[in-house]
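Q: Please explain the descriptive terms that apply to this model, setting each value against its cut-off.

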Amino acid sequence: MKVSEFWRAMDYEFGPALSQHLAKDLVLSELGQRTAQEALEAGLEVQSIWRAVCRSQDLSEDSWFGPDLGEPR
């Protein structure tokens, strides 16, 4: 997953305003007590960040691949 795909998935699932809020303010223990934004800046794997957000928000596993991305290669 590319960073641009991460943001597209965030906006698709949560809307532009909430996706920005979640990325900047939601601290995820799964990412070492980082927010998604901090994890992106630290260079963590984008797909792992997306899945951590999905789990924290109780999204179904169908959403874990993002909109129109299909299963990872």
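A: Gln33 is placed in the loop between strand S1 and strand S2 (34-35); helices are DSSP runs of H or I with at least four residues, strands are runs of E with at least two, and both are numbered from the N terminus. The model is predicted: local features need pLDDT of at least 70, side-chain atom pairs count only at pLDDT 80 or more, and totals for chains, interfaces and linings use all residues. Residues are numbered from 1 along each chain as its sequence is written, and side-chain values use heavy atoms, with hydrogens and water left out.

Q: What makes Gln33 count as buried or exposed?
A: Its relative accessibility is 53%, and the term exposed requires over 50% (buried is under 20%, partly exposed in between, with a 1.4 Å probe and protein chains only). Gln33 therefore counts as exposed. Its phi, near 60 degrees, is positive although the residue is not glycine.

Q: Where does Asp58 lie, and what is its phi?
A: Asp58 lies in the segment after helix H4. Its phi is positive, about 55 degrees, and the residue is not a glycine. With a relative accessible area of 70%, Asp58 is exposed.

Q: How do you know whether Gln47 and Ala9 are buried or exposed?
A: Gln47, in helix H4, has 12% relative accessibility and therefore counts as buried. Ala9, in helix H1, has 0% and is buried as well. Beyond its neighbours within four places in sequence, Gln47 is in contact (heavy atoms within 4.5 Å) with Met1 and Trp64. Ala9 and Ser19, 10 residues apart in sequence, are 9.1 Å apart from C-alpha to C-alpha.

Q: Which elements make up the chain, and in what order?
A: The chain has 4 helices and 2 strands, running α-α-β-β-α-α from the N terminus. Of its 73 residues, 37% count as buried. Among contacts with a separation of 6 or more, 43% join residues 24 or more positions apart.

Q: Why are helices H1 and H4 described as parallel or oblique to each other?
A: They pack at an angle of about 15 degrees, with their axes 9 Å apart; axes are lines fitted to C-alpha atoms, for helices over the stretch in contact, and angles run from 0 to 180 degrees between N-to-C directions. Angles under 35 degrees count as roughly parallel, over 145 as roughly antiparallel, 65 to 115 as roughly perpendicular and the rest as oblique. H1 and H4 are therefore roughly parallel.

Q: What is the hand of this crossing, and which residues make the contact?
A: The crossing of H1 and H4 is right-handed (the near helix is turned clockwise from the far one by less than a right angle; anticlockwise would be left-handed). Val3, Phe6, Ala9, Met10, Glu13 and Phe14 of H1 meet Val46, Ile49, Trp50 and Val53 of H4. By class, this contact has 9 nonpolar, no polar and 1 charged residues; nonpolar covers Ala, Val, Leu, Ile, Met, Phe, Trp, Tyr, Cys and Pro, charged covers Asp, Glu, Lys and Arg, and the others, Gly among them, are polar.

Q: Why are helices H1 and H2 called parallel or oblique to each other?
A: H1 (residues 3-14) and H2 (residues 16-25) pack at about 120 degrees, with their axes 7 Å apart. That angle falls in none of the named ranges, so oblique is the term that remains. H1 and H2 are therefore oblique to each other, and H1 passes H2 in a right-handed crossing. From H1, Trp7, Met10, Asp11 and Phe14 meet Pro16, Leu18, Ser19, Gln20, Leu22 and Ala23 of H2. This contact has 7 nonpolar, 2 polar and 1 charged residues.

Q: How many aromatic pairs does the whole structure hold, and what makes Phe6 and Trp7 stacked or edge-to-face?
A: The search finds 2 aromatic pairs. The rings of Phe6 and Trp7 have their centres 5.1 Å apart and their planes at 80 degrees, so the pair is edge-to-face; rings of Phe, Tyr and Trp (its six-membered ring) pair with centres within 6.5 Å, and planes under 30 degrees apart are stacked, over 60 edge-to-face and the rest tilted. Phe6 and Trp50 are also an edge-to-face pair, 6.2 Å from centre to centre with 85 degrees between the planes. Phe6 is in H1 and Trp50 in H4 (residues 46-56), so this pair ties together parts 44 residues apart in sequence. Phe6, Trp7 and Trp50 form one aromatic cluster.

Q: Which residues of H4 are buried, and what covers them?
A: Val46, Gln47, Ile49, Trp50, Ala52, Val53 and Cys54 are the buried residues of H4. Their cover includes H1, strand S1 (27-28) and helix H3 (36-42).
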